Each structure stands twice: as structure tokens, then as C-alpha cells.
Amino acid sequence: MSNERIAFLKGHGTENDFVIVPDPDGRLELPADLVARLCDRRAGIGGDGVLHVVRSAAHPEARAMADEAEWFMDYRNGDGSIAEMCGNGVRVFARYLQHAGLVEAGDLAVATRAGVRRVHLAKDAAGATGDVTVVMGRAELPEEQVTVTVGGRSWPARNVNMGNPHAVAFVEDLGHAGDLYSAPPFSPADVYPDGVNVEFVADRGPRHVAMRVHERGSGETRSCGTGACAVAVATARRDGADPSVTGSPVTYTVDVLGGTLVITELPDGTVEMTGPAEIVAEGTLDPSWLRAATA
């Protein structure tokens, strides 16, 4: 691999940014240290994570999903660790497939470690690329009580699972979350044995909130799609709204540092996320850099 010119692209969804590595036949190995080097914002390309694009049939973790979804999002966090799911990543992944001419606008399926996700690539009235909607599946709301702490302040947090774990804490001021460079302590520790994404949420208006997030394995990011979904569901329950009880969908606008996402929970429990996704650059990795990075 170190003697090849490996293609890459750079994309983002509400400024949650990713290095995209196309590898349809699954030939490339991406060890954790290489992923971390790719995501390094000073010595690499820079990103919150890596989207490794592989045909489902060519990846051992996705072959069972190949009949439903041709493409597998082999997602890695910025520190090289493997993650189950990334909501903004799915949108950018789908936009890459469209950009590469592998899919057209409309509906498609993407395989992830959290299962198959349904995606809709919209066009605006002028025919240009529009927002991307992802069917994120159902939120699970484990009963464990969780507390998160920053700088001597502690808050109860709602435990929400969107295919990956989240702890959602409501605060008066998003500044109370601190710098979020390191993971906020939580207790009890055994609730999240593999770590957790922590969201801090402040109200902005009726069915409108803002959030900051520490993403497990990446630190504070400008956006987190699964986190925005977890926040919308947790806020709905706090507000006494449960679509499975009322039979009516509930929609929240969630402001993230990098933009805005719209989250809808349907009566069957399915959560949909809509937001932008952009491809901003593409090129190849320099072979000498790659040799040094993999030495």
C-alpha cells in the first residue's frame, strides 16, 4: 500500500468533517495509527474521522447486508478506533457516492456496523443537490441513571442509544460544558464500558435547541448526527412528547456549532435526520508520506 497513490476526498456535514477513502474492492488496510495520522489537522489531511468506502460484498463485517445495501461505510473515529455509526458520516458517504457517479439522487441504502440505513438524496427546485435525509433507526432509552460532570458542575443525563451510546445533559449555558477536549467524566462507569458521546443541550425556543458534543474518540466536534438525534429524542421526552403515544410525529431543530439539523421522530419510533453534506476536495496521498505514516 505504501508504494501506491491512494485516492482520497474531503467532505463535511454541518462541519463534521471526514477523510473519504474509496476502496470498492476492500484491498486497503487502515490500521488505527494510519487513520489517526490521516485525521491529524497539522501533519495529515485533517478530519473528525475516516469514511472507508467498500462494497458490502467485499467486507467481512458487511457481507450479510450486501443484498440490502451495495455499499458499506467502514467508519473510523479520529483516533483510529472503530465506531458503530456516524450520522453526519452517512450523509457525507451518500454524497460521495453521488459525486462519484455511483448512485443518483433519490433513495439508497448504506450498510453500517449499526445496520442498514436508508438515505434520500434530494434535489432542490433548480435541480441542484439538496439536503440528505437519513433514516437513523429507533432510539433506545436504557433505564440506567447517568451523571456527567464538568468543572465541578454535575448534571443528570439521559441515556440514549442510536446504534452508538449517548449521554444527553440539559444545561442553562453551553459554556458550562467547558472546552470538551477530553471526555467529560460520567458515573456510574459501567453504564458505558466502551465510552460515550456526551451532548450538552440548551433551549433556544419551542422545539428548538442548541448543543455541543464530545464525540468518543474524536473530542469536541462541530456536529454529531447521531448526537442530534439523541438530543431530539431526549428533549421530546423531557417535554412530554412521545410519538408512539400521541400517534403524531415530533420534529426538533437542533443547532450545532457547524450549522443546523432537523430531526423527526415518527410514531413507529423511527428517527429521521435531514441536513447538508458537501464534498470539498479530492486528491491522492503522497507515497513518501504514506510510507512514513505506515513505517
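Which residue forms a salt bridge with E70? The partner is R55, and the closest N and O atoms of the two are 3.1 Å apart. Keep in mind as you look that this is a predicted model.

Let's stay with that pair for a moment. E70 sits in the loop between strand 3 (49-55) and strand 4 (71-77), while R55 belongs to strand 3 itself, so the contact links distant parts of the chain, 15 residues apart. Neither end is hidden away by the cut-offs used here: E70 counts as partly exposed at 43% relative accessibility, and R55 is partly exposed too, with a relative accessible area of 31%.

That pair has company, as the count of salt bridges comes to 16. Another one to find is the contact between E84 and R216, whose side chains meet at 2.7 Å, N to O. Here the two partners are 132 residues apart in the chain. You'll find E84 in the loop between strand 4 and helix 2 (87-99), and R216 in the loop between strand 13 (208-215) and strand 14 (219-221). The two ends are not alike in their surroundings: E84 is partly exposed, with a relative accessible area of 27%, whereas R216 counts as buried at 15%, because buried means under 20%.

Now turn to D239, which forms a salt bridge with R238. The closest N and O atoms of this pair are 3.0 Å apart. D239 is partly exposed at a relative accessible area of 41%, and R238 is also partly exposed, at 37%. Elsewhere, salt bridges that share partners tie K10, D17, R41 and D48 into one network.

Next, the backbone. Most residues other than glycine have a negative phi, and most peptide bonds are trans. With that in mind, go to the loop between strand 1 (7-13) and strand 2 (16-22), where T14 lies. T14 has a phi near 45 degrees, a positive value in a residue other than glycine. E15 is in that loop as well, and its phi, near 65 degrees, is positive too. Is T14 buried or exposed? T14 is buried, with a relative accessible area of 3%, whereas E15 counts as partly exposed at 35%.

The other backbone feature to look for is at S187 and P188, which are joined by a cis peptide bond with omega at about -5 degrees. P188 lies in the loop between strand 11 (186-187) and strand 12 (197-205).

On to the strands. Strand 17 (residues 270-275) is a good one to trace, since you can follow its pairing with two others. It pairs with strand 7 (residues 129-138) in the antiparallel sense, over six bridges, and V271 of strand 17 stands opposite G137. Strand 17 also runs antiparallel to strand 16 (residues 259-265), and four bridges join those two. There, T264 has E272 of strand 17 as its bridge partner. Strand 16 and strand 17 form a hairpin with four residues between the strands, and in this hairpin G269 takes a positive phi near 95 degrees.

What about the cysteines? A disulfide is a covalent bond between the sulfur atoms of two cysteines. How many disulfides does the structure hold? The number is zero. Take C224: the nearest cysteine sulfur, that of C86, is 6.6 Å away, and a disulfide would need the sulfur atoms within 2.5 Å, so C224 is in no disulfide. C229 is in no disulfide either, as its nearest cysteine sulfur, that of C224, is 8.7 Å away. Both of these cysteines are tucked inside: C224 is buried, with a relative accessible area of 2%, and C229 is buried at 0%.

Last stop, helix 5 (residues 287-294). Which residues of helix 5 are buried? P287, W289, L290 and A293 are. These four cover an arc of only 155 degrees around the axis, so they lie on the same side of helix 5. And what covers the buried residues of helix 5? The cover includes helix 1 (32-39).

Methods
Residues are numbered from 1 along each chain as its sequence is written. This is a predicted model: local features need pLDDT of at least 70, side-chain atom pairs count only at pLDDT 80 or more; totals for chains, interfaces and linings use all residues. Side-chain values use heavy atoms; hydrogens and water are left out. Buried means under 20% relative accessible area, exposed over 50%, partly exposed in between (1.4 Å probe, protein chains only). Two strands pair if DSSP finds at least two bridges between them. A salt bridge is a side-chain nitrogen of Lys or Arg within 4 Å of a carboxyl oxygen of Asp or Glu. The arc is that of the directions from the helix axis to the C-beta atoms. Contact means heavy atoms within 4.5 Å.
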